[in-house]
Amino acid sequence: MYVYVNGKIVPSKEAVVSVFDHGFLYGDGVYETLRVYDGVVFKIDEHLWRLFRSASLIGLSIPLDANHLKLALYDTLMANALRNAYLRLTVTRGKGPIGLDPDLCPQPTIVIIAQEFREYPRAYYEQGIHLIIAKTRRNDRRAINPQIKSLNFLNNILAKIEAKKNNAHEALLLNSRGNLTEGTISNIFFYSDGILCTPSVDCGILDGITRSLVLDLALREGIAVREAKYTKKDIYSAEEAFITNTTMEVMPVSRIDERVFPVGRISRLLRTAYRNEVRAYCAHVKAKGPSLWAEET
Ligand code: PDD
């Protein structure tokens with residue numbers, strides 16, 4: 001495996017960063033997870049836009065522009081000869097002396113890892129997955145805004161530990177007011193009384209790229225959607241539920257705590273619509289050719 005580290009693509013054994021990197025010392029950095037379908041990085045512009053937003057929210061200036069980052073992503077894919085892959089793009093504050101001051105780090109660290117994509121078990125999509133509502137609360141927006149996709153993931157990891165203790169696949173987090181927010185690595189949707197519901201961004205969530213696309217697809221399919229504040233009770237009384245993210249796409253939920261859900265019509269319909277959208281996107285990128293990602297460099 002080959003890894004991109006600060007402008008060089010090197011064998012994974014040589015892909016190292018300093019123990020003085022503030023990403024390692026303090027979780028001071030941002031990242032994106034992207035999915036590659038048949039050689040095409042899905043929604044690359046949206047992911048890079050969000051990476052720059054995360055960086056700007058922590059006052060981190062990324063030394064490469066979006067076009068150079070696109071080239072770096074595709075170069076890393078090509079070095080690994082991957083067509084269906086998982087890409088992880090990380091930008092940290094960089095190496096510097098111990099101390100919180102970001103100005104101690106003159107040069108951000110950029111790392112890109114590309115791995116063969118391993119599909120989730122089919123049973124997850126056919127039968128749905130088990131979630132719990134965690135005791136751990138989601139970070140308050142005024143503490144660490146969940147819209148920053150940062151390396152500081154302990155909040156999510158604590159909830160994931162709870163999920164594992166309960167043999168669940170994913171945990172949902174409430175905010176300090178008791179409103180639903182999101183999963184540890186996913187956004188949550190549920191269908192109730194003819195409306196597709198999902199927590200609004202002001203509840204304190206990462207506005208997932210898959211989430212936005214699913215909201216668009218629902219509208220295109222004539223399904224009413226509502227982004228609002230919801231409680232545990234709202235989701236327990238829903239007819240069906242699913243989670244979304246870049247790697248899982250649309251994943252149906254069969255159980256939340258003790259409440260059992262069927263894999264319903266809306267989850268299936270949106271999963272199919274999502275897969276169709278992926279196919280259309282890839283066909284569009286291929287029709288345009290490499291110019292799409294190499295332009296203006
Ligand atoms: N996670 N919420 C959180 C906290 C997330 O970490 C993610 C993504 C999402 C969904 O975002 P998107 O649809 O843009 O993937 C929501 C990725 C997959 C990760 O951490 O690897």
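These are my notebook entries on a sheet, some helix contacts and an aromatic pair in this structure. I am working from a predicted model.

**Entry 1: the sheet**

I began with the strands. Strands of a sheet pair through backbone hydrogen bonds, either parallel or antiparallel. Here I found an open sheet of six strands, and its pairing is antiparallel. I wrote down the order as E2-E1-E6-E5-E3-E4.

Next I asked which strands stand at the edges. They are E2 (8-11) and E4 (40-41). Each has a single partner strand, so one side of each is left without a neighbour in the sheet.

I then looked up one pair inside that order. Strand E1 covers residues 2-5, and strand E6 covers residues 109-116. Three bridges join E1 and E6 in the antiparallel sense. Within this pairing, I noted that Tyr-4 stands opposite Ile-112 of E6.

**Entry 2: helix H2**

I moved on to H2, residues 44-57. This helix lies across strands E3 (29-37), E4 and E5 (85-92). Its angle to E3 is about 175 degrees.

H2 also packs against helix H3, residues 66-79. The angle is about 120 degrees, and the axes are 11 Å apart. That angle makes H2 oblique to H3. I recorded the crossing as right-handed.

Which residues meet there? From H2 I listed Ile-44, Asp-45, Leu-48, Leu-51 and Phe-52. From H3 I listed Ala-66, Leu-69, Lys-70, Leu-73 and Tyr-74. Sorted by class, the contact of H2 with H3 has eight nonpolar and two charged residues, and no polar ones.

**Entry 3: an aromatic pair**

A pair of aromatic rings is described by the distance of the centres and the angle of the planes. I searched the whole structure and got seven aromatic pairs. One of them is Phe-42 with Tyr-274. The ring centres are 6.0 Å apart, with 75 degrees between the planes. Planes over 60 degrees apart count as edge-to-face, so this pair is edge-to-face.

Where do the two residues lie? Phe-42 is in the loop between E4 and H2, and Tyr-274 is in helix H8 (residues 265-288). The pair therefore ties together parts that are 232 residues apart in sequence.

**Entry 4: helices H6 and H8**

I stayed with H8 and looked up its packing with H6, residues 209-220. The angle is about 110 degrees, with the axes 10 Å apart. H6 and H8 are therefore roughly perpendicular.

On the H6 side, the contact uses Thr-210, Leu-213, Val-214, Leu-217, Ala-218 and Arg-220. On the H8 side I listed Leu-270, Ala-273, Tyr-274 and Glu-277. By class, I have seven nonpolar, one polar and two charged residues in the contact of H6 with H8.

Terms used. Residues are numbered from 1 along each chain as its sequence is written. This is a predicted model: local features need pLDDT of at least 70, side-chain atom pairs count only at pLDDT 80 or more; totals for chains, interfaces and linings use all residues. Side-chain values use heavy atoms; hydrogens and water are left out. Two strands pair if DSSP finds at least two bridges between them. Helices (H or I, at least four residues) and strands (E, at least two) are DSSP runs, numbered from the N terminus. Contact means heavy atoms within 4.5 Å. Axes are lines fitted to C-alpha atoms, for helices over the stretch in contact, and angles run from 0 to 180 degrees between N-to-C directions. Angles under 35 degrees count as roughly parallel, over 145 as roughly antiparallel, 65 to 115 as roughly perpendicular and the rest as oblique. A crossing is left-handed if the near helix is turned anticlockwise from the far one by less than a right angle, and right-handed if clockwise. Ala, Val, Leu, Ile, Met, Phe, Trp, Tyr, Cys and Pro count as nonpolar, Asp, Glu, Lys and Arg as charged, and the others, Gly among them, as polar. Rings of Phe, Tyr and Trp (its six-membered ring) pair if their centres lie within 6.5 Å; planes under 30 degrees apart count as stacked, over 60 as edge-to-face and the rest as tilted.
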